[in-house]
Amino acid sequence: MKIGIDMGGSHVDIGIVNENGKIIEKFEKDIKTVGDQAKAEISTYIIEIISKIKENHNIEKIGIGSPGTPRDGVLTNLINLKIKEFDISSILMEHFDIPVLLKNDAKCAGLAEKTYGALKEYQDAVFLCLGTGIGGAVLMGGKELEPIRNSGMELGHIVIEKNGIQCNCGKRGCFETYCSIKRLKNKLMETMNISKEIDGKELLNLLKQNNDEKVKDIINEYIDDLIV
């Protein structure tokens, strides 16, 4: 068995994965803090869950997919969590005698889609992850494109609007400031006057029943920005 950890811009998901890439059990937690507090919250949660998992399973490897550009076992530039560096590998290896592998989360998702999903039959593809931010992976000739300068393939920080909305990365007009799911969800909740605690499925059900022109305008604007 292996453990897969998905560190999003505002959450941590942990899954037990079998030899066929199937998730057989999953744990998740929203992260409400940033900076050093977030590092402590994330570390404590991961150690707690892995300790529970090891009581019933023999774990061969731990894989972590994270925003930003992981280097030498260290997570870097977790923009939405306001973390510059996070040596999560050393922290986990202090507690567990298990190899820890790190990779940009969107690239992990792209490779998983190529191995198990809709990209199986395609050799060249651009894969986008829309969430708290926007990540991406590029496949060419069936292999992952690995840039030397920015191996994280930060497609979410391509500028699509000159002098646009301020992004957490410091630039203005980044793709993810207009097209992240977080931004879309926030605009919809504000317009529809609904609680920020609503989950994605509940929001989707409300949208299916909603005929407000303002809501339609927000969705159409989002689609226009997405296909720029």
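Colleague: The open sheet of three strands catches my eye; in what order do its strands run?
Modeller: Strands here are DSSP runs of E, at least two residues long, and helices are runs of H or I of at least four, all numbered from the N terminus. Two strands pair if DSSP finds at least two bridges between them. The pairing in this sheet is antiparallel, and the order is β8-β9-β10.

Colleague: Which strands stand at the edges of that sheet?
Modeller: Before I answer, note that this is a predicted model, where local features need pLDDT of at least 70 and side-chain atom pairs pLDDT 80 or more, while totals for chains, interfaces and linings use all residues. Residues are numbered from 1 along each chain as its sequence is written, and side-chain values use heavy atoms, without hydrogens and water. Each edge strand has a single partner, so one of its sides has no neighbour in the sheet; these are β8 (125–130) and β10 (143–144).

Colleague: And which residue of β10 is the bridge partner of leucine 139?
Modeller: Strand β9 covers residues 134–140 and runs antiparallel to β10, with two bridges joining them. Leucine 139 has as its partner in β10 glutamate 144.

Colleague: Let's move to β1: which of its residues point to the buried face?
Modeller: Buried means under 20% relative accessible area, exposed over 50% and partly exposed in between, with a 1.4 Å probe and protein chains only. Side chains alternate along β1, with Lys2, Gly4 and Asp6 on the face that is not buried. The buried face takes Ile3, Ile5 and Met7.

Colleague: Which residue in β2 is the bridge partner of methionine 7?
Modeller: β1 and β2 are antiparallel and share six bridges, and a hairpin of three residues connects them. Within that pairing, methionine 7 is matched with valine 12.

Colleague: What stands opposite aspartate 6 in β4?
Modeller: With β4, strand β1 pairs in the parallel sense, over five bridges. Opposite aspartate 6 we find glycine 65.

Colleague: Which element gives the most residues to the largest nonpolar core?
Modeller: A nonpolar core is a set of buried Ala, Val, Leu, Ile, Met, Phe, Trp, Tyr and Cys residues joined through side-chain atoms within 4.5 Å. This one has 28 residues, and Ile5, Met7, Val12, Ile14, Ile46, Ile62 and Leu92 touch the most other members. At least two residues come from each of β1, β2, α1 (35–54), β4 (61–66), β5 (75–78), β6 (83–86) and α2 (88–95). With eight residues, the biggest contributor is α1.

Colleague: Why does isoleucine 53 count as buried?
Modeller: Isoleucine 53 belongs to helix α1. Beyond four places in sequence, its contacts (heavy atoms within 4.5 Å) are Ile3, Ile14, Ile16, Phe27 and Ile59. Isoleucine 53 counts as buried because its relative accessible area is 3%.

Colleague: How far is the C-alpha atom of isoleucine 53 from that of isoleucine 198?
Modeller: Isoleucine 198 is one of 13 residues in another core, apart from the largest, together with residues including Ile134, Tyr178 and Leu184. The two isoleucines are 145 residues apart along the chain, and their C-alpha atoms are separated by 29 Å.

Colleague: One last thing: which side chain does threonine 132 join in a polar contact of 3.1 Å?
Modeller: Threonine 132 sits in the loop between β8 and β9 and is buried, at 16% relative accessibility. A polar contact is a pair of N or O atoms within 3.5 Å; within protein, one must be able to donate a hydrogen and the other to accept it, and residues adjacent in sequence count only if both atoms are side-chain atoms. Beyond four places in sequence, threonine 132 is in contact with residues including Gly9, Asn80, Ser180 and Lys182. Its partner at 3.1 Å is serine 10.
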